[in-house]
Amino acid sequence: MTKPRCRHFDPDALLHDMFEHREAVRGVLQTYLAWQQDLLAQLHAAAQVNDLPRLAHIAHTARGSLSQFRAHASVARARALEAGCRALDTPEATAPTRSIAELVERLSTELEALGAEIAAYLEADEG
């Protein structure tokens, strides 16, 4: 089976960064997939109670992890959520929860697409 064309992350860059060690890349991607469900659960739980500091922290953590495998769209969405939360987490700000909810949804959607693409990549790499 040929490897799928990746739009949500750059496996070649990750492979290069890990000194062409395929098993290390597989391990990183498998670890991400295991972590992704927890990440999404934490993201939605914090959004449900409008916990802006927690949302900013989750987005910041995700952004750093996602940067490692060049998941540019996910990184951009995490950055937007983090910035939006930090801007609204001030005493004088009125938190428009709808815009934060939209940012959470955009990030969630991108993370799900990334997870599906990573799973397909790993499956194709087995063969």
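Arg 70 lies in the loop between helix 3 and helix 4, and in this predicted model it has a positive phi of about 55 degrees although it is not a glycine. With a relative accessible area of 29%, Arg 70 is partly exposed, because a residue has to fall under 20% to count as buried and over 50% to count as exposed. The loop between helix 3 and helix 4 also holds Phe 69, which is buried and which appears below both in the nonpolar core and in the ring pairs.

**Overall build**

- The protein chain has five helices and zero strands, so that reading from the N terminus the order of elements is α-α-α-α-α.
- Measured out along its principal axes, the C-alpha trace covers about 55 × 20 × 20 Å.- Of the 127 residues in the protein chain, 38% are buried, and the chain exposes about 7,200 Å², of which carbon and sulfur atoms supply 53%.
- When contacts between residues at least 6 apart in sequence are considered, 70% of them join residues at least 24 apart.

**Charges**

- The protein chain carries 13 positive and 18 negative charges, and the mean positions of these two groups are 4 Å apart.
- Asp 38 has its place in helix 2 and, at 39% relative accessibility, counts as partly exposed.
- Although Asp 38 and Glu 110 are 72 residues apart in sequence, the distance between them in space is 15 Å, taken from C-alpha to C-alpha.

**The nonpolar core**

- In soluble globular proteins, nonpolar side chains tend to be buried together.
- The largest nonpolar core in this model contains 34 residues, and those that touch the most other members are Phe 9, Leu 29, Leu 66, Phe 69, Leu 81 and Ile 100.
- Two or more residues of this core come from each of helix 1 (11–17), helix 2 (22–48), helix 3 (52–67), helix 4 (72–88) and helix 5 (97–126), and helix 5 gives the most, with nine residues.
- Apart from its neighbours within four places in sequence, Phe 69 is in contact with Phe 9, Asp 10, Leu 14, Val 28, Leu 29, Tyr 32, Leu 114 and Ile 118.

**Aromatic pairs**

- The structure holds four aromatic pairs, and one of them is the edge-to-face pair of Tyr 32 and Trp 35, with 5.9 Å from centre to centre and 70 degrees between the planes.
- Tyr 32 and Trp 35 are separated by about one helical turn, because they are three residues apart in helix 2.
- The two residues of this pair can be described by their accessibility: Tyr 32 counts as buried at 4% relative accessibility, whereas Trp 35 is partly exposed, with a relative accessible area of 25%.
- Tyr 32 also forms an edge-to-face pair with Phe 69, with 5.5 Å from centre to centre and 75 degrees between the planes.
- This second pair links distant parts of the chain, since Tyr 32 is in helix 2 while Phe 69 is in the loop between helix 3 and helix 4, 37 residues apart.
- Tyr 32 and Phe 69 are both buried, and ring pairs link them with Phe 9, Trp 35 and Tyr 121 into a cluster.

**Another positive phi**

- Glu 20 has its place in the loop between helix 1 and helix 2, and it has a positive phi of about 60 degrees although it is not a glycine.

Definitions and conventions. Residues are numbered from 1 along each chain as its sequence is written. This is a predicted model: local features need pLDDT of at least 70, side-chain atom pairs count only at pLDDT 80 or more; totals for chains, interfaces and linings use all residues. Side-chain values use heavy atoms; hydrogens and water are left out. Helices (H or I, at least four residues) and strands (E, at least two) are DSSP runs, numbered from the N terminus. Buried means under 20% relative accessible area, exposed over 50%, partly exposed in between (1.4 Å probe, protein chains only). Contact means heavy atoms within 4.5 Å. Accessible areas come from the Shrake-Rupley method with a 1.4 Å probe; for residues, only the protein chains shown count as cover. Lys and Arg count as positive and Asp and Glu as negative; His and the chain ends are not counted. The place of a charge is taken as NZ of Lys, CZ of Arg, CG of Asp or CD of Glu. A nonpolar core is a set of buried Ala, Val, Leu, Ile, Met, Phe, Trp, Tyr and Cys residues joined through side-chain atoms within 4.5 Å. Rings of Phe, Tyr and Trp (its six-membered ring) pair if their centres lie within 6.5 Å; planes under 30 degrees apart count as stacked, over 60 as edge-to-face and the rest as tilted.
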